[in-house]
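Me: I've got a protein model open and I'd like to work through it bit by bit. Can you take my questions as they come and show me how you get to each answer?

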Amino acid sequence: MSNIDSLAQAFMKFPGIGTRQAKRFVYFLLSQDPYYVDTLAREIAALKKNIVQCTGCFRFYPRLGEGTLCNVCIDDADSATLMVVEKDTDFESVRRSGSYAGRYFILGGTIPVLEKDPASKIRLHELLTRVEGGAADGLSEIILALSANPEGDFTRDYVLKALTPLATQLGITITTLGRGLSTGTELEYSDGDTLRHALKNRG
Ligand SMILES: [Zn+2]
């Protein structure tokens, strides 16, 4: 297999990238100057060394030292609320909006509507463990902040059902974002005002 084909195959693992786009990426790189390609290769090689996954919220963050928790899990957050979002970019949107001061949990995906093994698509087990641990730390509310589209709705219902027995037992309320988030909206594309509104109207 040529280098062109093997690199194209590597690109095809990216979300939403098919054969033709993967090939276009390879030819794009071939047309660039060597400095750009070297820098890109170095950035990729350094990524896994410098960025680690938080054992509390499961988001990726720049390694700080020996600890395994990110800055949001360690300090500056109110441990009474836990916001469950689908992915890292959703976390970034909510952070940027400045409308929420609690802690986070990154679910790691959504569940396709016809999925046969829903639990395999998200960090459900980790979430249950996190909630159990959070109870001792004063956790009183879990906010399910998922996108307002069919997969987001399906995932929210699934998580709600899976989480309710434990939450009830621990006296924790589960809320979902208000309809300020219009139908079809992905959380990561919501502006600050919309997010603030959706949070205020949660229930
Ligand atoms: Zn964290």
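Me: Which residues coordinate the zinc ion?
Reply: This is a predicted model, so everything here is computed from its atoms. Look for the SG atoms at 2.3 to 2.4 Å from the zinc ion. The residues they belong to are Cys54, Cys57, Cys70 and Cys73.

Me: What is the geometry of the site of the zinc ion?
Reply: Ideal tetrahedral angles at a metal are 109.5 degrees. Four donors count as tetrahedral if all angles lie between 85 and 135 degrees. Here the angles among the four donor atoms are 105 to 114°, and the site is tetrahedral.

Me: How are the donor residues of the zinc ion spaced in sequence?
Reply: Start from the donors themselves, Cys54, Cys57, Cys70 and Cys73. Written as a pattern, with x for the residues in between, their spacing is C-x2-C-x12-C-x2-C.

Me: Is cysteine 70 buried or exposed?
Reply: Buried means under 20% relative accessible area. Cysteine 73, another zinc donor, counts as buried at 13%. Cysteine 70 has a relative accessible area of 0%, so the word for it is buried.

Me: What is the phi of phenylalanine 58?
Reply: Most residues other than glycine have a negative phi. Phenylalanine 58 goes the other way: it isn't a glycine, yet its phi is positive. The value is about 70°.

Me: Where is phenylalanine 58, and what is its relative accessibility?
Reply: Find strand E1 (51-53) and strand E2 (60-62); phenylalanine 58 is in the loop between them. It counts as buried, which takes a value under 20%. Its relative accessibility is 17%.

Me: Which side chain of opposite charge is nearest to arginine 123?
Reply: Arginine 123 is in the loop between strand E4 (102-106) and helix H6 (124-135). It's buried yet has no salt bridge. A salt bridge needs a nitrogen and an oxygen within 4 Å, while the nearest side chain of opposite charge is 5.3 Å away. That side chain belongs to glutamate 126.

Me: Which residues does arginine 123 touch, not counting those up to four places away in sequence?
Reply: One of them has come up already: Phe58, the residue with the positive phi. The full list is Gln53, Phe58, Phe105, Ile106, Leu107 and Gly108.

Me: How many residues of strand E3 are buried?
Reply: Strand E3 covers residues 78-85, which makes eight residues. It is largely enclosed by the rest of the structure, because the number of buried residues among those eight is six.

Me: What is the bridge partner of aspartate 78?
Reply: E3 and E4 run parallel and are joined by five bridges. Aspartate 78 has its partner in E4, and that partner is glycine 102.

Me: How far apart are the closest N and O atoms of glutamate 141 and arginine 202?
Reply: These two form a salt bridge. Glutamate 141 lies in strand E5 (residues 141-144) and arginine 202 in the segment after helix H8 (192-200), so the pair ties together parts that are 61 residues apart in sequence. Glutamate 141 is buried at 13%, whereas arginine 202 is partly exposed at 32%. Their closest N and O atoms are apart by 2.6 Å.

Me: Is aspartate 157 buried or partly exposed?
Reply: Aspartate 157 meets arginine 156 in a salt bridge, with 3.5 Å from N to O. Arginine 156 counts as buried at 17% relative accessibility. Aspartate 157 has a relative accessible area of 43%, so it is partly exposed.

Me: Which residues do salt bridges with shared partners join into one network?
Reply: Begin with the salt bridge between glutamate 86 and lysine 87, where the closest N and O atoms are 3.5 Å apart. Both of those residues are buried. The whole network consists of Glu86, Lys87 and Asp90.

Me: How many helices and strands are there in the protein?
Reply: Going from the N terminus, you can read off α-α-α-β-β-α-β-α-β-α-β-α-β-α. Counting each symbol gives eight helices and six strands.

Me: What share of the contacts with a separation of 6 or more comes from residues 24 or more positions apart?
Reply: The protein has 203 residues, and buried ones make up 38% of them. For the contacts in question, the share from residues 24 or more positions apart is 53%.

Conventions. Residues are numbered from 1 along each chain as its sequence is written. This is a predicted model: local features need pLDDT of at least 70, side-chain atom pairs count only at pLDDT 80 or more; totals for chains, interfaces and linings use all residues. Side-chain values use heavy atoms; hydrogens and water are left out. Donors are N, O and S atoms within 2.8 Å of the metal (3.2 Å for Na, K and Ca); water is not among the atoms, so sites may look incomplete. Four donors count as tetrahedral if all angles lie between 85 and 135 degrees; four count as square planar and six as octahedral if opposite donors are over 155 degrees apart and all others between 65 and 115; anything else is irregular. Buried means under 20% relative accessible area, exposed over 50%, partly exposed in between (1.4 Å probe, protein chains only). Helices (H or I, at least four residues) and strands (E, at least two) are DSSP runs, numbered from the N terminus. Lys and Arg count as positive and Asp and Glu as negative; His and the chain ends are not counted. Contact means heavy atoms within 4.5 Å. Two strands pair if DSSP finds at least two bridges between them.
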